[in-house]
Amino acid sequence: MARRLLKLILIAGLLFWGNPAFARQDDPKLDELFEQLAETEDYQKAKVIEGSIWKIWLTSGSDTVDFLMLQGINYMSRGEFAKAISLFSTVIKIDPEFSEGWNKRATVLFLIGEYDSSIEDIGRTLELEPRHFGALSGLGQIYDLQKIEAGALSAYEKAVEINPHLPSVKARLDQLIIQRDKKRI
């Protein structure tokens with residue numbers, strides 16, 4: 001019943017709201033926000049800028065896609081991962097150029113331990129939005145868990161280069177650098 005209702009909502013949305021808009025990772029405001037993020041030394045200001053970036057990333061331009069994304073995030077936060085994956089997969093089918101659909105599905109796949117599939121979705125996220133520090137951080141975590149030190153270092157370095165205001169990522173990067181340097185001695 002719920003699946004049938006979701007399909008009806010999806011079809012109605014496609015009919016009444018038209019085709020999905022261009023993915024919001026193409027929003028020209030992002031360039032300026034990323035510049036500000038890299039330049040500011042004020043952590044609180046950085047978090048406001050980061051929030052603005054996430055808001056743009058999460059807005060597809062399609063009411064249908066945005067509704068499905070919110071529902072998927074809701075399911076993800078409640079631990080209903082199969083439902084979340086289903087909704088994010090639908091988002092991807094409707095608008096395959098919307099990077100955050102791929103990123104959210106990658107996140108759920110990570111949470112259920114499907115690391116290879118998560119890496120594939122992260123790859124697509126980064127093709128669409130190479131500055132996606134959240135996807136890069138997630139990729140670093142996966143490589144870290146898999147003991148792929150070079151991959152973790154690379155992903156964390158790129159994430160921190162784009163957004164230097166990620167204290168936990170930066171701390172883990174520093175730990176990995178120390179470990180790597182100890183091995184060289």
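**Exercise 1. Place K147 and describe its backbone.**

Solution. K147 is exposed, with a relative accessible area of 72%. Here buried means under 20% relative accessible area, exposed over 50%, and partly exposed in between (1.4 Å probe, protein chains only). This is a predicted model, in which local features need pLDDT of at least 70 and side-chain atom pairs count only at pLDDT 80 or more, while totals for chains, interfaces and linings use all residues. Residues are numbered from 1 along each chain as its sequence is written, and side-chain values use heavy atoms, with hydrogens and water left out.

Next, the location. K147 sits in the loop between helix 8 and helix 9. Helices (H or I, at least four residues) and strands (E, at least two) are DSSP runs, numbered from the N terminus.

Last, the backbone. K147 is not a glycine, yet its phi is positive, about 65 degrees. Most residues other than glycine have a negative phi.

**Exercise 2. Summarise the chain.**

Solution. Start with the elements. The chain has 10 helices and zero strands. Then take burial: 42% of the 185 residues count as buried. Finish with contacts, meaning heavy atoms within 4.5 Å. Among contacts between residues at least 6 apart in sequence, 58% join residues at least 24 apart.

**Exercise 3. Find the two sides of helix 3.**

Solution. Take the length of the helix. Helix 3 covers residues 43-57, 15 residues in total. From first C-alpha to last, helix 3 reaches 21 Å, close to the 21 Å expected at 1.5 Å a residue. The expected span is 1.5 Å times one less than the number of residues.

Now list the buried residues of helix 3: A46, I49, E50, I53, I56 and W57. They lie on the same side of helix 3 because they cover an arc of only 120 degrees around the axis. The arc is that of the directions from the helix axis to the C-beta atoms.

Turn the helix over. Q44, V48 and K55 are exposed on the other side of helix 3.

Identify the cover. Helix 2 (29-39), helix 6 and helix 8 are among what covers the buried residues of helix 3.

**Exercise 4. Repeat the analysis for helix 2.**

Solution. The buried residues of helix 2 are L30, L33, F34 and L37. Their arc around the axis is only 100 degrees, so they are on the same side of helix 2. E32 and E39 are exposed on the face turned away from that buried side. The packing partners of the buried residues of helix 2 are helix 3, helix 8 and helix 9 (149-162).

**Exercise 5. Describe the second largest pocket.**

Solution. First, the lining. The second largest pocket is lined by 14 residues, with N103, T107, G134, G138 and Q141 nearest its centre. Sort the lining by class: six nonpolar, seven polar and one charged.

Then trace the sources. Helix 6 (99-111), helix 7 (115-128) and helix 8 (133-145) each supply at least two lining residues. The largest share, six residues, comes from helix 6.

**Exercise 6. Locate D174.**

Solution. D174 is in helix 10 (residues 167-184). D174 is partly exposed, with a relative accessible area of 39%. Then check its position against Y156. The two residues are 18 residues apart along the chain, and 9.6 Å separates the C-alpha atoms of D174 and Y156.

Conventions:
On a 1 Å grid over the protein atoms alone, a cavity is a set of points where a 1.4 Å probe fits but cannot get out, and a pocket is an open set with protein on both sides within 12 Å along at least five of seven lines; lining residues have an atom within 4 Å of a point. Ala, Val, Leu, Ile, Met, Phe, Trp, Tyr, Cys and Pro count as nonpolar, Asp, Glu, Lys and Arg as charged, and the others, Gly among them, as polar.
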